[in-house]
Each structure stands twice: as C-alpha cells, then as structure tokens.
2 protein chains.
Amino acid sequence: MATIRDVARLAGVSVATVSRVINKTDSVNPETAGQVMKAIEQLQYEPNAVARGLAGKKMGIIALILPDILNPFFPALARGVEDVAHKKGLTVILGNSDDLGLKESSYIKVLKKKYVDGFIFASNTIHEEDVEALRKEQIPIVLLDRGLNTASCAVIRSNNREGSKLAVKHLIEQGCQKIAHIYGPQEFITARERMLGYEEIAGRLREYSPSLMEQGNFDIESGRKAVEQLLVRHPDLDGIFAGNDLMAVGALKALHERGIRVPEQVKVCGFDGIGLTEITEPELTTIAQPVYEMGGLAAQILLDEIESGIRENKLIELDVTLIPRKSTHKEES
Amino acid sequence: MATIRDVARLAGVSVATVSRVINKTDSVNPETAGQVMKAIEQLQYEPNAVARGLAGKKMGIIALILPDILNPFFPALARGVEDVAHKKGLTVILGNSDDLGLKESSYIKVLKKKYVDGFIFASNTIHEEDVEALRKEQIPIVLLDRGLNTASCAVIRSNNREGSKLAVKHLIEQGCQKIAHIYGPQEFITARERMLGYEEIAGRLREYSPSLMEQGNFDIESGRKAVEQLLVRHPDLDGIFAGNDLMAVGALKALHERGIRVPEQVKVCGFDGIGLTEITEPELTTIAQPVYEMGGLAAQILLDEIESGIRENKLIELDVTLIPRKSTHKEES
DNA sequence: AGTTATATTGTAATCGGTTACATTATTTTT
DNA sequence: AAAAATAATGTAACCGATTACAATATAACT
C-alpha cells in the first residue's frame, strides 16, 4: 500500500500539498494538483483511514446500539441506518444492549476509544449520565424513542399516541364496542404513549373499563397470556389493540387456541408494522411505523451533525399509518 | 483523556515501559510495574484504540458482510457473531451486500482501509479474486455457505443435504407419497445441496417425477407462485418440501387461498428454522439450522485466526435438526 | 576474574495521515 | 512604488500508541 509520502515523492511535492489536494482544504496550483493526481493514480493510492482517524479523531464509523437485532423491529431500523451511512462512505458498528444500561455503557466506553463519529441509541435504558458525558465530549448522538427530558440531543420517534388513536378508532369503525388493550412495559415511553392513546379513545365507549387493560412485555408469549387474563375478566370483548405486533401475534394464537374466530368474533390490531404481520392467519391489521425511514433519518441527522459540528436538539415525530388487514375485517351485513 | 505519555511522566518511566506493563509483552520489574499501574489508575488511563490500530494494523473490529439483515435468517447470525466478538472486546461492523459482488468489493475496499481485523462473509456473491486478495494480505476470512472450491479459508455451513433428506423422510413417514420441492436459485450452493437431498430420497418414491420440482427464489411470494405452478401439474400432490422457510410460508398461503387444508390434504416442511415458522397457522415443520451457533462459531474461528495468525482451512459442517410441527402432522387413523 | 547471558529500562523511529506556521512569489491597494 | 493582501508550497510538530535497538546492571558460567 502506497502512503502519502510515496505520492509526495513521486509528484515532487510535500506531503502537505498532497493532503491539500486530497481534502481540498486549501488552494493548490491546478498544475501541481494535476501532478499529484497523476501520482495518486499511478500508485493507486488510497488514504489510510486509521491514520486519518488518529489525526482527526474520527474514524468514519457510526455506532448503532439497539436492544436486540433478533427483535423483528430492529433489522429494518439497522438497514435504514446502514443504507444512509454506506451511501456517505461511513460504516456502521452494531451493538446489542439487551436493554441493559450496563452493556450500553460498555459499548460507549469501547467505542469512544475507537473514535466513532457518533452514536445512535435505539435503546431504552441508556443512563442519563452516559448521554451527558458524550455531549460534553462533543460526540454527536441521536436517540430513538426516548423521553423529552433528554432535550440535549436529537430525538426521533413516531407518533405513538396518534397511532393508538388510529387503531382504536379503526376498531370502533369495524364495529367493536368492547376493546381491550395489551400494553407494554411502562418504563418504555412508547408503551406509555400507546396506552394513553388507547385510553383517550376507548375511554369514551360505553363498555369501557380500566380492567380492559392488561400488561405484556412486548413479546409473543406475553401477548398470549394477557389475552387469557382478559378473557377471564371480559369473555365478551370484541376487539383487542395490542401495544405491539409481537403481542398481537400472541393474542391471535390465544384466540385461535380457544376457538375464537378472528375477525368474526374478535378483531385484533397490532402496532409496529413488522413483516410478521403479513404472514399470520388472518393477516394482522397494524399501525405501521416507518421503521426503515426512521433509521435513515436518524443516520442522516447524525451525519449532518458530524459534518457541521452543530447540534440541533430537534424532536422529530414521524407519522404512522394504519394498515387494515383481515384481522379487523368487518363482515358486510 | 490521558495518554500513555501522561502515565509515563507520572510514573517516572518511559512510554516503552508503560506499554510493556499494559501489554505484558516484556519483563518489567514488579516494583516499576506497580508504579505504572498506580499512575494508570490515578489518571484513569485507557489506551487509545486508534493509535494502537495504526501501529499494529488492527482495530479490534471484525466485519460481517451479509446479504440483507432484513432477511429473517440473518439477525440470528449477526447476534451470534456479535455476542462472541463482544465477549472478546471486539466490535462488529455490519454490511448489507444485497448479494451484489460489487457492494461486497466496495465494503472490502473501505474496511481494509480501516484496518478491520477480519471478515465474515455470509454472502453468496463474493468475487473469488476478492477472497484471494484478502488472503494475500493475510487478512483472516471466514466464509458461510460457500463452495469447496474456495478451500483457501475456513468455511462454515450446515449439512443441507442431510437436512433435506431428513425433511423428505419425515414427510414420507407422515404419509406423503407425492412430494414436491420448491428449490432456491441454483447459484446458491445451499439451494443445490437441498435439491440433491430431496432428489435422493424423493426419487425413490413411486410417484416421483422431475416435474415435482419448481424454482423459487427464497422469498415468500416466489413460494406462493411455485405452489400454484405445481398444483397445475400435480393437483394430487400431498407433500411440499420448500427450500427455505420463507418459500414454505408462501406455500402455506397459496394452499390456504385455494382452500387446501394443511396438514390434512397437503403437508408442508420448510428449511432454516427462523422464528416465522412458529407463528404461521398451522405452525411450520422445518429443518432448523443452528444459525446463532453458526454465527458464534464463525466469530470464534475468525478470532482464533486473528490471534494466532495461523490459517486453518477447515470446512465445518453443522448438523441440522428436524422440528416437527403441525404443518406435517399426521392424523391418527 | 573475565565472559556471557538475562533482566530492566530508555531512546527514538515508526505507523500514515493532518495542520499550524513559515516562506516565497505574485497581485492588489493606496 | 511601497505596503498589504493573497496564493502556493514546504517544514515539522502532532495524533497516541508499538517496538527495534541500545544501554546498563546483575546473575551465571568457565
């Protein structure tokens, strides 16, 4: 591999001039630049990213820390991030935090030493101090689905509240009168927001009761269990709005096991819009988040901040969309 | 951030000695080492990974290049790789190649400049020359699901042939007599092997005919279409072995649309063992690859090679297991 | 006792870039 | 025409580690 000094020698100039040509940071005589270009060409020279990184404290890498790539919500996010990053010549380091603050801290520690350009946290358990520390060191961060309290960096999320309202309204339109909700762990702001949206609309129904809500923890099994509980208390419920698709799948399973037909007897709606929803039987109505776009946007914002060096603590809330499918279909009467 | 010189100064020794203490590369007087340790402690010193990388040409990063993290097969692989890497203090860079040789080359080019320690390719389209080039530069590689021809580095795959045989035998045991196969793109060795396994067992059946095979391309939609074709030629088929789970899901959908009951009229078996198989209705029998373990093993082998510097061109073939589920259930008569 | 081997430590080059500062030549300003 | 500004380039320090080589002291060997 040729180095910048090889190029300088061949072109008969100093390394500084070569650097200037490469980075266009300073004016260089066009003729000289030509020589340099020719030398670069001849030697097939490519600047060494690590040396650059050492000098500039930026490795051209962004870190994406998410809870678990196995959770079907995250691959699309990762892909969104990676596509944008790759287009700009940056690479993406992936970390699974399992929603453990400790693991997040550990990633931060390791990755800071590697001079990553910035972090995207799609994780709910980052310690506030970690964020603060990164800020103080001027390392750009973008947060996904984090509260307002951390107003010290860009935050992206989708409009969970409105999404829930869409879901419940849709269930009502399809004829549901007694709509249950399986909510996610309340330490997640997304889960809280979705519950609020549900309460806002479902609370108006004559049949509404707080006991129509049951906790799950965002996985399939908990969705199934929640429905079992709900059916004990309300055997006559006719709609279920699950806080995410995974729990909705669990709900579908529970109903199927009990011989309760979907959508005829009970209609089910999920949240997230992951691919799974297209392969259940019946296919699952869901509130789709623009996950891929969220990832891309997060990367875009991060890259902007990296390039410009200016932090904009914007809070971006993306719109979600209802995707009506068979699981909430209303038979024409 | 403290540097090694700060430590040296505080401990009253040279940077070389500090380096020796940190890396245990050379003998250091225990007393001196103590001083150094104390200084390190006091300054909260942590070696800068980039400077180290520049000096040693290794950044403590491994690159995982896969076709598409959105394909449900790969998250588990990625997780397997990442878990092992993280345990050893390495980080993982993720790249989506979309099975485009060009994108792979592009990743290689970029990542070599970043001194990644090694590559794991789970992609089917790497140019032979790229592999050769990396080898020549002594950069460790591990390949997943690649042919024997590339015997110049470690290769991991699962026993696709045996897996197919397991699948077809299972279908026969469950009472199938006319078993169709949806095979994947023949440029993928996995697809070829699975087809061979199918032919080996299904070929013995009285009802066998080459026209029982139909091509798909490993996605849901192609599985559905393949079944439509197959049903035209063989309305009386009673078993379908799909070359992967995604196509099996498509098959399920096609059958469901036509009102053909699974498993009563037709039994279906997939291949891969991805999570989707548990949420279809009926749940899908499949041949499970130990995907997470494959990832872990790939990382392990790569790390061994990185550490030791010696390449072992082993070919490891992992066992697959049949997971019988409802989609091939035989009604007791 | 003289010599060789071993342990311990330091000096300075090296990895491969970026960039502050200095220098010279040329152009613009007054 | 002298002074000031601008363009073009080079020198060398710096980023923060590793490591070859040299130097010194001490232990072991003949």
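Chain B and chain A each put 49 residues into their contact in this predicted model. About 4,200 Å² is buried between the two chains, and carbon and sulfur atoms give 62% of that area. On the side of chain B, B:Arg79, B:Lys114 and B:Ile279 lose the most area to chain A, together 17% of what that side buries.

Polar links cross this interface too. The rule finds 10 salt bridges between chain B and chain A. One joins the side chains of A:Arg79 and B:Asp68, at 2.9 Å from N to O. Polar contacts link 25 residue pairs across the interface. Several elements of chain B give two or more residues to the side that touches chain A: α4, α5 (74-87), β2 (91-96), α6 (101-113) and α11 (245-257). The largest share, seven residues, comes from α6(B). By class, that side of chain B has 24 nonpolar, 11 polar and 14 charged residues.

Strands also pair across the chains. Strand β2 of chain A (residues 91-96) runs antiparallel to β2(B), joined by three bridges. A:Ile93 has B:Ile93 as its bridge partner.

Now turn to DNA strand D. It has 30 residues around it, of which A:Arg20, A:Thr32, B:Ile4, B:Ser19 and B:Asn48 come nearest. Both chains supply helices with at least two residues of this surface: α2 (15-23) and α4 (49-56) from chain A, and α1 (4-11), α2 (15-23) and α4 (49-56) from chain B. The surface has 14 nonpolar, 10 polar and six charged residues.

Of the strand D atoms within 4 Å of the protein, 57% belong to sugar or phosphate. Polar side-chain atoms lie by phosphate oxygens of strand D at 2.2 Å for A:Thr32, 2.5 Å for B:Ser19 and 3.2 Å for A:Lys57.

Conventions
Residues are numbered from 1 along each chain as its sequence is written. Chains are lettered from A and ligands numbered from 1 in the order in which they are written. This is a predicted model: local features need pLDDT of at least 70, side-chain atom pairs count only at pLDDT 80 or more; totals for chains, interfaces and linings use all residues. Side-chain values use heavy atoms; hydrogens and water are left out. A residue is near a molecule or strand if one of its heavy atoms lies within 4 Å of it. A polar contact is a pair of N or O atoms within 3.5 Å; within protein, one must be able to donate a hydrogen and the other to accept it, and residues adjacent in sequence count only if both atoms are side-chain atoms. Helices (H or I, at least four residues) and strands (E, at least two) are DSSP runs, numbered from the N terminus. Ala, Val, Leu, Ile, Met, Phe, Trp, Tyr, Cys and Pro count as nonpolar, Asp, Glu, Lys and Arg as charged, and the others, Gly among them, as polar. Contact means heavy atoms within 4.5 Å. Buried area is the accessible area (1.4 Å probe) that two parts lose on being put together, summed over both. A salt bridge is a side-chain nitrogen of Lys or Arg within 4 Å of a carboxyl oxygen of Asp or Glu. Two strands pair if DSSP finds at least two bridges between them.
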